[in-house]
Amino acid sequence: MTDIRRIEPGPRMSEAVIHGDTIYTAGIVADKTMGKSVTEQTREILQQIDDILAKAGSDKTRILKANIWLTDIKTFAQMNQAWDAWVVAGKTPARATVEARLAAPGYDVEIMIEAAC
């Protein structure tokens with residue numbers, strides 16, 4: 001049986017779960033920049049992803065898939081401004097971006113990833 005490791009487990013969810021050689025994150029939002037621009041929120045989220053992956057012994061070059069939710073698809077370019085500056089050329093993951101209502105007003109971006117250890 002493969003072990004399951006949890007990073008920052010909480011009462012409802014863990015920040016990330018590692019099973020086998022795969023890391024699964026929860027949906028990540030920007031608490032510090034909540035209510036600010038989509039670019040600022042995305043930058044904060046991407047820094048959180050870097051931190052989570054480091055805790056799991058991985059990094060952004062090993063991301064397999066990213067799901068991104070925006071409260072307004074018209075902010076797609078703002079999100080991509082931060083994303084494009086962050087990803088490593090030639091190491092980009094599969095990705096989907098959709099418009100959706102998020103958990104609380106002021107959260108305009110949410111990102112969830114799966115990565116290899």
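Glu-8 lies in strand S1, residues 4-9. I start there for a reason of backbone geometry. Glu-8 is not a glycine, and still has a positive phi of about 50°. Most residues other than glycine have a negative phi. One caveat before going on: this is a predicted model.

Now the overall layout. The chain has two helices and six strands. Along the sequence, the order is β-β-β-α-β-α-β-β. So three strands come first, then a helix, a strand, a helix, and two strands to finish.

Next, overall dimensions. The chain has 117 residues, and a compact globule of that length would have a radius of gyration near 13 Å. The chain has 14 Å, which agrees. Along the principal axes, the C-alpha atoms fill a box of roughly 45 × 35 × 20 Å.

How about surface and charge? The accessible surface comes to about 6800 Å². Carbon and sulfur atoms own 50% of that. There are 14 positive and 16 negative charges in the chain. Their mean positions are 1 Å apart.

What share of the residues counts as buried? The figure is 38% of the 117 residues. For contacts, take those with a separation of 6 or more. Of these, 69% are between residues 24 or more positions apart.

On to the core. In soluble globular proteins, nonpolar side chains tend to be buried together. Here, the largest nonpolar core has 26 residues. Which residues have the most contacts inside it? They are Ile-49, Trp-83, Ile-111 and Ile-113. Five elements are listed as giving two or more residues to this core: strand S2 (14-19), helix H1 (38-55), strand S4 (63-70), helix H2 (76-86) and strand S6 (109-116). Helix H1 gives the most, with six residues.

Take Ile-111 from that list. Set aside its neighbours within four places in sequence. Ile-111 is then in contact with Ala-26, Gly-27 and Ile-28, and with Thr-42, Ile-45, Leu-46 and Ile-49. Asn-67, Ile-68 and Trp-69 complete its contacts.

Next, helix H2, and Ala-82 within it. Is Ala-82 buried or exposed? Buried, with a relative accessible area of 4%. The cut-off is under 20%, so Ala-82 qualifies. Which residues does Ala-82 touch, not counting those up to four places away in sequence? Thr-39, Thr-42, Arg-43 and Leu-46. Gln-41 is 41 residues from Ala-82 along the chain, and their C-alpha atoms are separated by 9.0 Å. Note that Thr-42 and Leu-46 are also among the contacts of Ile-111.

Now strand S2. Two of its residues deserve a look: Ser-14 and Glu-15. Ser-14 counts as buried, at 14% relative accessibility. Glu-15 is partly exposed, with a relative accessible area of 25%. Why do they get separate labels? Because buried means under 20%, and partly exposed runs from there to 50%.

Their contacts next, again leaving aside neighbours within four places in sequence. Ser-14 is in contact with Arg-6, Ile-7, Glu-8, Pro-9 and Ala-26. So our opening residue, Glu-8, is one of the partners of Ser-14. Glu-15 is in contact with Ile-7 and Glu-8 as well. Its other contacts are Tyr-24, Thr-25, Ala-26, Ile-52 and Lys-55.

Two distances go with these residues. The C-alpha atoms of Ser-14 and Thr-25, eleven residues apart along the chain, are separated by 7.9 Å. For Glu-15 and Ile-52, 37 residues apart along the chain, the C-alpha separation is 7.8 Å.

Last stop, strand S3, residues 22-25, where Thr-22 has its place. Its relative accessible area is 19%. Buried or exposed? Buried, because the limit is under 20%. Beyond its neighbours within four places in sequence, Thr-22 is in contact with Val-17, Ala-115 and Cys-117.

To recap. The order is β-β-β-α-β-α-β-β. The largest nonpolar core has 26 residues, with Ile-111 among those with the most contacts. And Glu-8, with its positive phi, is the backbone angle to look at.

Notes: Residues numbered from 1 in each chain as written. Predicted model: local features only at pLDDT ≥ 70, side-chain atom pairs only at ≥ 80, totals over all residues. Heavy atoms only, no water. Helix = DSSP H or I, 4+ residues; strand = E, 2+ residues; numbered from the N terminus. Rg over C-alpha atoms; globule rule 2.2 N^0.38 Å. Buried < 20%, exposed > 50% of the residue type's maximum accessible area, 1.4 Å probe, protein only. Contact = heavy atoms within 4.5 Å. Areas by Shrake-Rupley, 256 points an atom, 1.4 Å probe, with all protein chains shown as cover. Lys, Arg positive; Asp, Glu negative; His and termini not counted. Charge placed at Lys NZ, Arg CZ, Asp CG, Glu CD. Core = buried A, V, L, I, M, F, W, Y, C linked by side-chain atoms within 4.5 Å.
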